[in-house]
Amino acid sequence: MPLVAFAVCVVLLYRWFVRLPPGSPVQADVPTADAEPTGASISSAPASAAAAEAADELEQFIAAREAKAQSGLGALRSRVEALALTPAQQAFLSDHTLLRYLCVTEGDAAKALVKIQDTLAWRTQHIDNRPCACRACEADPDSHCFFALGPDARGWELMYACPARSRRKDPDGGLAHMYMVFESAFARNSAPGKIAWLIDLKNLGLRDIDPRTATTAVPVFANHYPERLGQVCLLDAPAVFKFIYSRITPLVDPLTARKVRMLRGEEQAQYLARYLTPAQAGFMREALQMKATPGSLPACTAALRRPLLDEGAFS
């Protein structure tokens with residue numbers, strides 16, 4: 001039952017947060033989870049080579065989409081400058097921010113402005129005038145197992161999450177922590193950049209799955225952190241979850257599915273070697289060899305985990 005619930009949460013997450021529009025140039029089929037090879041090298045496994053090619057095509061498509069959004073930047077900037085903005089809102093609304101909203105609206109400045117105004121209202125309630133900090137993690141750094149590990153080999157911000165390693169399981173505290181990790185990693189969400197999100201599913205238990213997390217996070221990510229996620233990888237998922245995932249994947253458009261990968265065994269090792277820095281790959285290899293229990297993390301975690309930038313309130 002917990003695996004079914006988590007499968008639904010993940011599908012909702014990537015359908016809302018990472019959905020790519022129909023009709024994009026990237027149309028190749030995506031292998032389902034039960035078709036992924038194990039125990040083979042990139043050079044000898046066609047499926048692994050196809051996955052690598054798909055990843056390259058995805059990066060190219062993202063770049064092309066961002067270039068297209070540039071055409072609406074001037075019009076959107078003029079509309080934004082007509083708004084009465086606080087200093088925090090002015091800092092948030094960088095050109096990089098405007099381009100992300102133009103990407104999700106296919107360059108439509110009017111639609112982008114509506115989404116931006118919705119985000120400004122949400123940030124006033126949840127982000128602005130609050131320090132970029134997690135007080136629970138100040139007392140115990142392992143309260144929440146969701147943190148940034150710096151840029152990966154692509155330049156994307158690498159995020160690691162493992163529900164079973166978190167000491168605190170309350171959804172509200174976990175979500176507030178997650179928002180602040182995003183804010184800190186991207187200069188209060190104003191800087192450019194993508195997220196590569198590695199979700200370690202080892203030792204996943206009932207306490208680690210709360211539907212309220214997904215029902216709250218999905219609309220927040222979709223509406224207020226658009227175009228942030230470059231890829232999400234589900235690591236070492238239990239066999240039953242892998243089966244559920246393989247049944248659900250065909251229901252999602254292949255463009256979206258390109259951003260979500262389920263990795264185990266040799267293919268997981270290949271991904272870590274290709275896209276992570278040596279230090280990040282070393283951390284991941286050690287973490288994946290450990291039993292996932294609250295607070296259990298590699299000894300190198302403190303050196304790699306990026307601290308939250310507590311610069312005072314976002315005023």
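**Close-up views of a predicted model**

**View 1. Helix α5 and the residue that follows it.** In this predicted model, seven of the 10 residues of helix α5 (residues 95-104) are buried, so the helix is largely enclosed by the rest of the structure. The buried positions are Thr97, Leu98, Leu99, Arg100, Tyr101, Leu102 and Cys103. After α5 comes Glu106, which has a positive phi, near 55°.

**View 2. Strand β2 between its two partner strands, β1 and β3.** Five of the five residues of β2 are buried, so this strand is largely enclosed by the rest of the structure. In a regular strand the side chains alternate between the two faces of the sheet. In β2, Glu157, Met159 and Ala161 point one way while Leu158 and Tyr160 point the other way, and all are buried. With β1, strand β2 pairs in the antiparallel sense over four bridges, and Ala161 of β2 is the bridge partner of Phe146. The hairpin of β1 and β2 has five residues between the strands, and in this hairpin Gly155 adopts a positive phi near 95°. With β3, strand β2 pairs in the parallel sense over five bridges, where Ile195 of β3 is the bridge partner of Glu157. The chain passes from β2 through α8 to β3, and this β-α-β crossover is right-handed.

**View 3. Helix α8 and its surroundings.** For the 15 residues of helix α8 (residues 171-185), a rise of 1.5 Å a residue gives an expected span of 21 Å, and the end C-alpha atoms are 21 Å apart, which agrees. Of the 15 residues of α8, 12 are buried, so the helix is largely enclosed by the rest of the structure; among them are Pro171, Gly173, Leu175, His177 and Glu183. The buried residues of α8 pack against α6 (109-126), α7 (135-139), β1, β2 (157-161), β3 and α9 (211-224). Just after α8, Ala187 has a positive phi of about 50°.

**View 4. Ser184 within helix α8.** Ser184 has a relative accessible area of 8%, and because the cut-off for a buried residue is under 20%, Ser184 counts as buried. When its neighbours within four places in sequence are left aside, Ser184 is in contact with Cys132, Pro307, Leu308 and Leu309.

**View 5. Aromatic pairs that involve strand β1.** The whole structure contains 14 aromatic pairs. One of these is formed by Phe146 and Trp197, which meet edge-to-face at 5.4 Å centre to centre with 75° between the planes. This pair links distant parts of the chain, since Phe146 lies in strand β1 (residues 146-151) and Trp197 in strand β3 (residues 195-200), 51 residues apart. Both Phe146 and Trp197 are buried. For Phe147 and Phe283, the ring centres are 6.1 Å apart and the planes stand at 70°, so this pair is also edge-to-face. Phe147 belongs to strand β1 and Phe283 to helix α13 (residues 278-289), so the pair ties together parts that are 136 residues apart in sequence. Phe147 and Phe283 are both buried.

**View 6. An aromatic cluster and two arginines over rings.** Trp122, Phe146, Tyr179, Phe182, Trp197, Phe221 and Tyr225 form one aromatic cluster. The charged end of Arg123 sits over the ring of Phe92, 4.2 Å from its centre, and Arg228 lies over the face of Phe186, at 4.0 Å from the ring centre.

Conventions
Residues are numbered from 1 along each chain as its sequence is written. This is a predicted model: local features need pLDDT of at least 70, side-chain atom pairs count only at pLDDT 80 or more; totals for chains, interfaces and linings use all residues. Side-chain values use heavy atoms; hydrogens and water are left out. Buried means under 20% relative accessible area, exposed over 50%, partly exposed in between (1.4 Å probe, protein chains only). Rings of Phe, Tyr and Trp (its six-membered ring) pair if their centres lie within 6.5 Å; planes under 30 degrees apart count as stacked, over 60 as edge-to-face and the rest as tilted. A charge sits over a ring if NZ of Lys or CZ of Arg is within 6 Å of the ring centre and within 35 degrees of the ring normal. The expected span of a helix is 1.5 Å times one less than its number of residues. Contact means heavy atoms within 4.5 Å. Two strands pair if DSSP finds at least two bridges between them. A crossover is right-handed if, with the strands pointing away from the viewer, the path from the first strand over the helix to the second runs clockwise.
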